[in-house]
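User: I would like to go through the terms used for this model one by one. Please give the value behind each term and the rule it is set against.

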Amino acid sequence: MDKMYVAEPYKIKVVEPIRMTTRAQRQAALERAGYNTFLLDSRDVYIDLLTDSGTTAMSDRQWAGLMLGDEAYAGSRNFFHLLETVQEYYGFRYMVPTHQGRGAEHLLSRIAIKPGDYVPGNMYFTTTRAHQELAGATFRDVIIDEAHDPQADLPFKGNVDLRKFQALIDEVGAEKIPYICLAVTVNLAGGQPVSLQNIRDVSELAHRHGIRVMFDATRCVENAYLIKEREPGHAGRSVREILKEMMSYGDGCTMSGKKDCMVNIGGFLAMNDPELYQAATQLVVLYEGMPSYGGLAGRDMEAMALGIQESVDDDYIHHRIMQVRYLGDRLAAAGVPIVRPVGGHAVFLDARQFLEHLPQDAFPAQMLAAQIYLQSGVRSMERGIVSAGRDREGQNHHPNLELVRLTVPRRVYTYAHMDVVADSITDLYEDRRRIPGLTMVYEPKVLRFFTARFEPLPVTQDGARQNALPA
């Protein structure tokens with residue numbers, strides 16, 4: 001039998017130069033950015049793993065599609081192509097384009113939520129929870145307990161705990177739960193998937209009580225692949241087929257097209273309920289644009305329609321998952337603590353273990369992301385106490401997961417780039433005890449992780465670096 005050799009399922013047609021900086025240059029850049037990797041200039045970054053949102057390398061078909069943009073103010077043919085594609089691949093009847101996923105979250109929250117409502121979800125996401133809370137709802141986490149344990153090695157750590165969901169229904173009443181937000185995959189748990197059986201069970205329980213199921217479908221294709229790989233009975237099915245069945249158990253979804261739809265900008269809100277659709281078409285005019293463009297150019301909608309088609313190619317999504325897993329396997333083999341199992345879009349470092357000498361209030365994940373950049377020019381992202389924000393009483397949320405996310409953009413980097421990332425983080429891990437904590441010197445009121453600024457904790461009188469906040 002002929003051997004099968006698998007590499008990237010694409011050829012590189014256009015390149016964008018990147019440059020390595022010196023450590024002194026990176027130190028100066030880090031200080032200008034207030035030790036917040038979001039505030040670094042991209043020109044100072046060598047390998048950018050900050051996010052997979054809008055960082056995809058589009059295909060030749062997508063670039064060609066940009067030339068087919070119908071920039072009519074209303075009724076663009078690209079809108080109808082996108083609508084038909086959403087109907088074909090996701091199965092929802094109606095779709096309103098938005099400039100990106102948080103535009104869809106905003107519309108859904110304003111339409112569906114009343115003050116005093118509760119929105120259950122399988123772990124929070126930052127902008128999603130913020131929109132829900134601004135609309136007057138209380139978020140309630142109903143994910144399985146194991147999702148909060150970085151070392152729990154389960155195939156579907158994104159699953160909803162049905163007992164928690166039922167307990168919330170019993171506590172507040174179904175009439176106060178407008179929908180359950182079902183993320184597929186669960187970003188802050190480490191890109192963890194939800195099983196198809198759990199999706200069915202959540203749908204049955206929610207619909208029995210008259211509660212909508214609204215997917216956060218941002219990385220739904222990755223979830224479908226992991227179902228194919230991990231859930232018995234689905235190995236012989238295509239990712240496209242699994243995806244369509246997943247979506248069939250929901251009433252709609254919010255989508256950031258900047259992830260699994262493989263474009264640099266765009267999103268949509270999809271649904272089956274005509275009344276919800278009519279409400280969305282009214283609000284989208286106020287906040288985004290006409291219902292047939294929603295803040296997007298016609299060319300952007302065309303590129304997104306083509307990206308949806310390409311996203312379910314089995315060769316593409318297999319390579320996507322394997323490249324992320326390769327990075328995780330290399331780090332784990334070197335003893336670097338990561339969230340297990342490796343999920344769909346990123347490798348998550350367990351900063352609590354990596355910097356076990358730092359208390360959580362010294363922002364270990366924030367500092368670890370800064371030190372990774374200082375070490376090698378690799379940009380990553382904090383996903384811990386800073387991202388979790390504060391409660392309504394002004395106290396810090398203290399999540400169990402204190403993580404740094406190494407997010408791999410789609411079709412951008414090679415395995416050689418992953419080797420550079422793994423080698424630099426391994427070297428940093430061997431010298432981790434020297435890393436100090438941080439103090440926050442500027443904090444915005446909302447979504448502080450984007451723009452907060454930090455400084456290293458001061459040196460004590462005996463010359464030692466202070467690693468904990470003062471009592």
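Analyst: Go ahead; note that the model is predicted.

User: Why is α8 called roughly perpendicular to α9?

Analyst: The axes of α8 (residues 220-230) and α9 (residues 239-248) cross at roughly 110 degrees and come within 9 Å. Angles of 65 to 115 degrees count as roughly perpendicular, and therefore α8 is roughly perpendicular to α9. The crossing of these two helices is right-handed.

User: What makes the largest pocket a pocket, and what is the volume of the largest cavity?

Analyst: A pocket is an open set of points, whereas in a cavity the 1.4 Å probe fits but cannot get out. The largest pocket has a volume of about 1,400 Å³. Val14, Ala57, Met58, Arg411 and Val412 are the closest to its centre among the 35 residues of its lining. For the largest cavity the volume is about 70 Å³, and the structure holds three cavities of 30 Å³ or more.

User: Which elements supply at least two residues each to those two linings?

Analyst: For the largest pocket, β1 (47-48) and α2 (60-66) do so. For the largest cavity, they are α4 (101-112), α5 (126-134), β5 and β6 (212-216).

User: How are the residues of the two linings divided by class?

Analyst: The pocket lining has 17 nonpolar, eight polar and 10 charged residues. The lining of the largest cavity has five nonpolar, five polar and two charged residues. Glu105 and Asp216 are among the residues that line this cavity, and Asp and Glu count as charged.

User: What is notable about the phi of Arg411?

Analyst: Phi of Arg411 is near 60 degrees, a positive value in a residue other than glycine. Arg411 sits in the loop between β12 (403-407) and α16 (415-430), and is also one of the residues closest to the centre of the largest pocket.

User: Which omega values go with the cis peptide bonds that end at Thr185 and Pro341?

Analyst: From Val184 to Thr185 the bond is cis, with omega near 5 degrees; Thr185 is in the loop between β5 (179-183) and α7 (196-208). The bond from Arg340 to Pro341 is cis with omega near -10 degrees, and Pro341 lies between α12 (314-333) and β9 (346-350), in a loop.

User: How do you know where the annotated domain lies?

Analyst: That comes from UniProt, where an unreviewed entry places "domain: Aromatic amino acid beta-eliminating lyase/threonine aldolase" at residues 48-423. Over residues 48-423 the chain is 44% helix and 13% strand, with the end C-alpha atoms 15 Å apart.

Note on methods: Residues numbered from 1 in each chain as written. Predicted model: local features only at pLDDT ≥ 70, side-chain atom pairs only at ≥ 80, totals over all residues. Heavy atoms only, no water. 1 Å grid on protein atoms, 1.4 Å probe; cavity = no way out; pocket = protein on both sides within 12 Å on 5 of 7 lines; lining within 4 Å. Points joined across faces, edges and corners; volume = space filled by probe spheres on them. Helix = DSSP H or I, 4+ residues; strand = E, 2+ residues; numbered from the N terminus. UniProt positions renumbered as here; feature names shortened; annotations may be inferred. Axes fitted to C-alpha atoms, helices over the stretch in contact; angles between N-to-C directions. Parallel < 35°, antiparallel > 145°, perpendicular 65-115°, else oblique. Left-handed = near helix turned anticlockwise from the far one by under 90°.
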